[in-house]
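Student: Please take one part of this model and examine it closely, residue by residue. I should then like the account to move outward from that part to the rest of the chain, in one connected answer.

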Amino acid sequence: MYLYGSYDSELYDNSIKLSKKHVLGLGYECVITRGYDGCLYLFSVDEWDVFVEKLNKLPFDKKGRDVRRYFCANAHSTTIANNRIKIPDELHKHIVDELVVVGMIDRIEIWNKSDYETFCNTDIQEFEFEGI
């Protein structure tokens with residue numbers, strides 16, 4: 001099941017409410033880690049395994065090791081209960097109270113609302129890819 005759509009959420013008692021659609025797409029066991037651009041990534045266990053396989057294919061040079069370390073050292077197993085996901089203390093410092101939850105096909109991104117609004121105001125021309 002692909003994850004898509006976005007909505008505002010907020011941090012309450014170190015947890016974030018997710019939509020039922022996103023919970024169904026993720027399942028109840030997940031992996032959360034730091035993402036690019038200042039957001040957090042939330043993966044289903046199966047999609048985390050796919051992501052780790054991609055990490056394992058990176059060269060074992062400094063850049064490859066740094067990318068592996070960035071994602072794996074910050075990864076935490078977690079569960080969804082009552083449509084809420086607990087944010088581990090180590091990752092809590094990367095987000096504020098007002099958030100946006102974004103479905104990104106194979107994962108969820110959790111953004112600070114102000115950072116996501118800045119991204120949304122970026123000209124789409126900057127993101128053009130051949131064939132899309």
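Tutor: Ile85 is buried, because its relative accessible area in this predicted model is 0%, and a residue counts as buried when that value is under 20%. Ile85 belongs to strand 6, which covers residues 84-86. Its surroundings can be described through its contacts. When neighbours within four places in sequence are set aside, Ile85 touches Asn14, Ser15, Ile16, Leu18, Leu42, Thr78, Thr79 and Ile80. One of these partners, Leu42, is 43 residues away from Ile85 in sequence, yet the two C-alpha atoms are 9.4 Å apart in space.

The loop that connects strand 5 (76-81) to strand 6 contains Asn83. Asn83 is likewise buried, with a relative accessible area of 16%. Its backbone deserves attention: Asn83 is not a glycine, but its phi is positive, at about 60°. The background to this remark is that most residues other than glycine have a negative phi. Ile105 shows a positive phi as well, of about 75°, and is not a glycine either. Ile105 sits in the loop that joins strand 7 (98-103) to strand 8 (108-112). In contrast to the buried Asn83, Ile105 counts as exposed, because its relative accessibility is 53% and the limit for that class is over 50%.

The charged side chains come next. The model contains five salt bridges. One of them links Asp106 to Arg107, with 3.1 Å between the closest N and O atoms. Arg107 also forms a salt bridge with Glu109, and here the closest N and O atoms are 3.9 Å apart. The value of 3.9 Å satisfies the definition of a salt bridge, because that definition asks for a distance within 4 Å. Arg107 is buried, at 15% relative accessibility, and Glu109 is buried too. Elsewhere, Lys62, Asp66 and Arg69 are joined into one network by salt bridges that share partners.

Within this network, the side chains of Lys62 and Asp66 meet at 2.9 Å, N to O. Both residues lie in helix 3, and their separation of four residues corresponds to about one turn of the helix. Their accessibilities are as follows: Lys62 is exposed, with a relative accessible area of 54%, whereas Asp66 is partly exposed, at 30%.

Helix 3 also leads to a helix pair. The axes of helix 2 (residues 45-56) and helix 3 (residues 62-72) come within 10 Å and cross at roughly 160°. An angle over 145 degrees counts as roughly antiparallel, and therefore helix 2 and helix 3 are roughly antiparallel to each other. The crossing of helix 2 past helix 3 is left-handed. In this contact, helix 2 contributes Trp48, Phe51, Leu55 and Asn56, and helix 3 contributes Val67, Arg68, Phe71 and Cys72. By class, the residues of the contact comprise six that are nonpolar, one that is polar and one that is charged.

Asp49 is also part of helix 2. Its relative accessibility is 42%, so Asp49 counts as partly exposed. Between the C-alpha atoms of Asp49 and Val31 there are 9.8 Å in space and 18 residues along the chain.

The last residue to consider is His94, placed in the loop between helix 4 (89-92) and strand 7. His94 is partly exposed, with a relative accessible area of 23%. Apart from neighbours within four places in sequence, its contacts are with Arg34, Gly38, Leu40 and Asn112. The C-alpha atom of His94 is separated by 18 Å from that of Leu18, which lies 76 residues away along the chain. Leu18 brings the account back to its starting point, as it is among the contacts of Ile85.

Notes. Residues are numbered from 1 along each chain as its sequence is written. This is a predicted model: local features need pLDDT of at least 70, side-chain atom pairs count only at pLDDT 80 or more; totals for chains, interfaces and linings use all residues. Side-chain values use heavy atoms; hydrogens and water are left out. Axes are lines fitted to C-alpha atoms, for helices over the stretch in contact, and angles run from 0 to 180 degrees between N-to-C directions. Helices (H or I, at least four residues) and strands (E, at least two) are DSSP runs, numbered from the N terminus. Angles under 35 degrees count as roughly parallel, over 145 as roughly antiparallel, 65 to 115 as roughly perpendicular and the rest as oblique. A crossing is left-handed if the near helix is turned anticlockwise from the far one by less than a right angle, and right-handed if clockwise. Contact means heavy atoms within 4.5 Å. Ala, Val, Leu, Ile, Met, Phe, Trp, Tyr, Cys and Pro count as nonpolar, Asp, Glu, Lys and Arg as charged, and the others, Gly among them, as polar. Buried means under 20% relative accessible area, exposed over 50%, partly exposed in between (1.4 Å probe, protein chains only).
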